Amino acid sequence: MKALVFHGVGNVSLDEVDEPVIQHQTDAIIRITASSICGTDLHMVRGTMPGMKPGTILGHEAVGIVEKVGSEVKEFKEGDRVVVCSTIACGQCAYCEAEEFASCDESNPMGPEAGTAFFGGPALSGQFNGLQAEKARIPFADFTLVKLPDSISDDDALLLSDIFPTGFMGAEIADVQDEDIVAVFGCGPVGQMAIASAFLMGAEKVFAIDSLPDRLKMAEKQGAILVNYEKVDPVKFLKEQTGGYGPDSCIDAVGVDAQTPHKGPAKGNSLLGGLQHLIEQKMVAPWTVMFGDQWRQGDAPFQALCWCVEAVRKSGVVSIIGVYPQSSILFPIGMAMQKSLTVRAANCSHRKYIPSLIQLIKDDQFSPSQILTKHEDLKDVVKCYEQFDQRKPGWVKVELKPNQAA
Ligand SMILES: NC(=O)c1ccc[n+]([C@@H]2O[C@H](COP(=O)([O-])OP(=O)(O)OC[C@H]3O[C@@H](n4cnc5c(N)ncnc54)[C@H](O)[C@@H]3O)[C@@H](O)[C@H]2O)c1
Ligand SMILES: [Zn+2]
Ligand SMILES: [Zn+2]
């Protein structure tokens, strides 16, 4: 079958690989009908989420049809239409019982302290092959898959696989309440879902911060107030717009590939100077692409996170859903402490949110597929990665249809 394979930093290709087989009786094999590309995939190809094993199939967002199940799979049978939870959970351990699926003790073969188990990630996330392929093996299928009602389209379901639950969790751990003022840093797909979720939770105003016109425009369509960080100083602007206080909560939907402003009043105006950014880049990710326009590491890994801490009001909440690797050890703890902030960070426990978000889509409260801007063939996946990596206009969220490549 065809699958997108990681060969090294800045090096991926669509290869012919062996079809997956059942390895444990709790596994299922699915035929993928649609998958998508995520900002998390970019961290891995850019080297800012280090530790990828060459040969790993990338991708962790998909919908599909069950083809085969192991003898211990109780909830699914051949032919069921399913969405895959990006994170893999056993469903039985104490963490799973508490719906903390991203902290599952059993699903990561690298051990309970290795981190969240997910598809197509670094070795420490369990060495599971990913979903940008024609088929995939789904471990702990009873808990890693969710059945889809006919009324939910593949396009909406695809965004349930990872980013709608993640954005929703971002607003939930930001403790968004009725009439709150929320700032979402990053208007990529995850930021868009966080903006929608903040409104769903009753936020009165949502500020959306980015520098890319197409992504800001998408946020504006959702009713957000735009902040282009290359036109205004975002921290100053957010304070001015909130009577000097700052938003009740700030959501970091950028992560480790953050950029610093290259023009405008906030250029060189952050807590962090240029030299410090360089040191941080090397600290979080020693092996990255140094030349050219492709696969370049964000030039200021902690820029968005620092802005969140600076901008939020005293006693406010910073919600971190952008991904940071274990090597990220710098955080403005002094300012956070002196401002009495609540700081929450998490990998999403998709299994916890997907059933209620399916209901929300069924009730016509929101359709996440509105952010899918490209519908492409899996055979063009490398080109799609390149466009998404360079954040080319219009390449906000890419759906890949694997079966057209067969
Ligand atoms: N916690 C989870 O479970 C989880 C799940 C999915 C994705 N993620 C993470 O969410 C983050 C966003 O994912 P995505 O798919 O939207 O990625 P993306 O790369 O498409 O979007 C990131 C956006 O941030 C903007 N940006 C860069 N620097 C900025 C800054 N200083 N201030 C404001 N905006 C800035 C970029 O222009 C871009 O639009 C990634 O780190 C991804 O790994 C986390
Ligand atoms: Zn994702
Ligand atoms: Zn578990």
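Colleague: Hi! Are H5 and H12 roughly parallel or roughly perpendicular to each other?

Modeller: Hi! This is a predicted model, and in it the axes of helix H5 (residues 163-173) and helix H12 (residues 350-362) cross at roughly 100 degrees. Angles of 65 to 115 degrees count as roughly perpendicular, so H5 and H12 are roughly perpendicular to each other.

Colleague: Thanks. Within what distance do their axes come?

Modeller: The axes of H5 and H12 come within 9 Å.

Colleague: And which residues meet there?

Modeller: From H5 you have Phe164, Pro165, Thr166, Phe168, Met169 and Glu172. On the H12 side they meet His350, Lys352, Tyr353, Ile354, Leu357, Leu360 and Ile361. By class, the contact of H5 with H12 has nine nonpolar, two polar and two charged residues.

Colleague: Let's go to H6. At what angle do H5 and H6 cross?

Modeller: Their axes cross at roughly 55 degrees and come within 7 Å. That makes H5 oblique to H6. The crossing of H5 and H6 is right-handed.

Colleague: Which side chains should I click on for that one?

Modeller: In H5, pick Ile163, Phe164, Thr166, Gly167, Phe168 and Ala171. In H6, their partners are Pro189, Val190, Met193, Ala194, Ser197, Ala198 and Leu200. The contact of H5 with H6 divides into ten nonpolar residues, three polar and no charged.

Colleague: How about H6 with H7: what is the angle there?

Modeller: Helix H6 (residues 189-200) and helix H7 (residues 213-221) pack at about 15 degrees, and their axes are 10 Å apart. Angles under 35 degrees count as roughly parallel, so that is how H6 and H7 run relative to each other. The crossing is right-handed.

Colleague: Who meets whom between H6 and H7?

Modeller: Pro189, Gln192 and Ile195 in H6 meet Arg215, Met218 and Ala219 in H7. By class, that contact of H6 with H7 has four nonpolar residues, one polar and one charged.

Colleague: Changing topic: how many residues surround ligand 1?

Modeller: There are 30 residues around ligand 1, and the closest are Thr40, His43, Asp210, Cys348 and Arg391.

Colleague: What does the side chain of arginine 391 do with the ligand?

Modeller: An N or O atom in the side chain of arginine 391 is 2.7 Å from an oxygen atom of ligand 1.

Colleague: Which backbone atoms should I look at around the ligand?

Modeller: Try valine 323, where a polar backbone atom is 3.0 Å from an oxygen atom of ligand 1. Then look at glycine 186, where a polar backbone atom is 3.5 Å from a nitrogen atom of the ligand.

Note on methods:
Residues are numbered from 1 along each chain as its sequence is written. Chains are lettered from A and ligands numbered from 1 in the order in which they are written. This is a predicted model: local features need pLDDT of at least 70, side-chain atom pairs count only at pLDDT 80 or more; totals for chains, interfaces and linings use all residues. Side-chain values use heavy atoms; hydrogens and water are left out. Axes are lines fitted to C-alpha atoms, for helices over the stretch in contact, and angles run from 0 to 180 degrees between N-to-C directions. Helices (H or I, at least four residues) and strands (E, at least two) are DSSP runs, numbered from the N terminus. Angles under 35 degrees count as roughly parallel, over 145 as roughly antiparallel, 65 to 115 as roughly perpendicular and the rest as oblique. A crossing is left-handed if the near helix is turned anticlockwise from the far one by less than a right angle, and right-handed if clockwise. Contact means heavy atoms within 4.5 Å. Ala, Val, Leu, Ile, Met, Phe, Trp, Tyr, Cys and Pro count as nonpolar, Asp, Glu, Lys and Arg as charged, and the others, Gly among them, as polar. A residue is near a molecule or strand if one of its heavy atoms lies within 4 Å of it. A polar contact is a pair of N or O atoms within 3.5 Å; within protein, one must be able to donate a hydrogen and the other to accept it, and residues adjacent in sequence count only if both atoms are side-chain atoms.
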